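Let's take a walk through this model together, from the overall numbers down to individual side chains. Keep the 3D view open as you read.

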Amino acid sequence: MAETIPAGSTTDGVIQVGQQPIDARVSAPASYDVADFPVPHGREEDWRFTPLERLRGLHDGTAVADGGVKVEVSAPEGVTVETVGRDDARLGKAGKPVDRVAAQAYSSFEKASVVSVPKEKVLDEPVRIAVHGEGGTAFGHQVIEVGAFAEAVVVIDHTGDATLAANVEYLIGDGAKLTVVSVQDWDDSAVHVGQHTALVGRDATFKSVVVTFGGDLVRLHPRVVYGAPGGEAELYGLYFTDNGQHQEHRLFIDHDTPHCRSNVAYKGALQGKDAHAVWIGDVLIRAAAEGTDTYELNRNLVLTDGARVDSVPNLEIETGEIVGAGHASATGRFEDEQLFYLMARGIPADEARRLVVRGFFAELVQQIGLPELEERLIAKIEAELEASV
């Protein structure tokens, strides 16, 4: 399904594209207090796709912080890396938790990691944050702050085994440019639930690339809010969901500021019995957000029987004075014409299938812009394909 709404084509009322109005699906207002969120039972819109029994108590308060994650930061000269207490003024600046697990994470962490890039500083190499699970349950919080007119690339790499609930905040100053690559390469038994919130300043640019491979259950909630006009956000993602895995990405872009732009493109491949991928793309264009330009795309490729995809784009528009808004979502198997074309040129069937999948992901992998990381992810995709073809 695809629908594009050009400038001036709406009325002064509300146009809703998707299943339900976005505001109607919010079970509780954003809050730092866990008590403000009811314990989910699985019938709420925000939780109906998530297997609650696999969250190990993160959603109902029974999870106890009995484990840990080791966080190591490697940063270029001029970047400040701090471990701060809960009273640091930068914590929570990007936005409040929007569900019970995020609120539980915010109220439970002891120390937060803050990485700051000073204003006008242009980094010539990326900041690398390694998050390694060492077993048990843990709660975490990270803040990435980029000063005005600075430019930075940050890679957050999740490995090991843990039951982790964490919030990540991105504070992008006026005129700044931040690219974040978040890789979920957990062990098969890990559970990771996270809210990622970006506050985009005036004429600032934010690019997010989310890559999810590992874990028993991964549920991520990328969110974008705009602090002033002229902000741009690009959200890219790729996921490879294996036998028994649950991978869920729930995006929300809040256009409440005039003349801002957003673009979303997520692609996933699934293989194996009970592989389950969920993609929810919510875009809200409020009445004050004149001049908004937004588009969201989700594509899924099912490699084997037994896999399931739920893809739900939602677009709500409260003003007709926009540049454009649209969305597209599709799920399917290999296209026979592509396979026939390759096989007719002497390429064996298995290799032809691999080439189709590589091409499917290539556009998003290239958005990373770090050759060594791109090569690692391509190798990971190759390894996943070896198990399916």
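A residue is called buried here if its relative accessible area is under 20%, exposed if over 50%, and partly exposed in between (1.4 Å probe, protein chains only). Keep in mind that this is a predicted model, where local features need pLDDT of at least 70 and side-chain atom pairs count only at pLDDT 80 or more, while totals for chains, interfaces and linings use all residues. Numbering runs from 1 along each chain as its sequence is written, and side-chain values use heavy atoms, with hydrogens and water left out.

Start with confidence, or pLDDT (the predictor's own score for each residue, from 0 to 100). The protein chain averages 89, and 90% of the residues score at least 70. Residues 1–27 are the stretch to treat with care, since pLDDT stays under 50 there.

Now the layout. The protein chain has four helices and 18 strands, taken as DSSP runs numbered from the N terminus (H or I, at least four residues, for helices; E, at least two, for strands). Of its 389 residues, 57% are buried.

Next, look inside. A nonpolar core is a set of buried Ala, Val, Leu, Ile, Met, Phe, Trp, Tyr and Cys residues joined through side-chain atoms within 4.5 Å. The largest one has 54 residues, of which Y170, I172, L178, F206 and V224 touch the most other members. Strand β7 (residues 151–172) gives the most to this core, namely nine residues. There's also a second, separate core of 26 residues, which includes V181, F360, L364 and L373.

Helix α1 (residues 100–108) is worth a stop: seven of its nine residues are buried, so the rest of the structure largely encloses it. Its cover, counted by contacts (heavy atoms within 4.5 Å), includes β6 (127–146), β7 and β9 (191–200). At the start of α1, a side-chain oxygen of D99 comes to within 3.1 Å of the backbone nitrogen of V101.

D99 turns up again among the salt bridges (a side-chain nitrogen of Lys or Arg within 4 Å of a carboxyl oxygen of Asp or Glu), in a network with D46, R219, E248 and R250. Within that network, R219 and E248 pair at 3.2 Å, N to O. R219 sits in strand β11 (residues 217–226) and E248 in strand β13 (residues 246–255), 29 residues apart, and both are buried.

Finally, find K380, whose side chain meets that of D185 in a salt bridge (3.3 Å, N to O). K380 lies in helix α4 (residues 371–386) and D185 in the loop between β8 (177–184) and β9, so the pair ties together parts 195 residues apart in sequence. With a relative accessible area of 28%, K380 is partly exposed.

How values were computed: A polar contact is a pair of N or O atoms within 3.5 Å; within protein, one must be able to donate a hydrogen and the other to accept it, and residues adjacent in sequence count only if both atoms are side-chain atoms.
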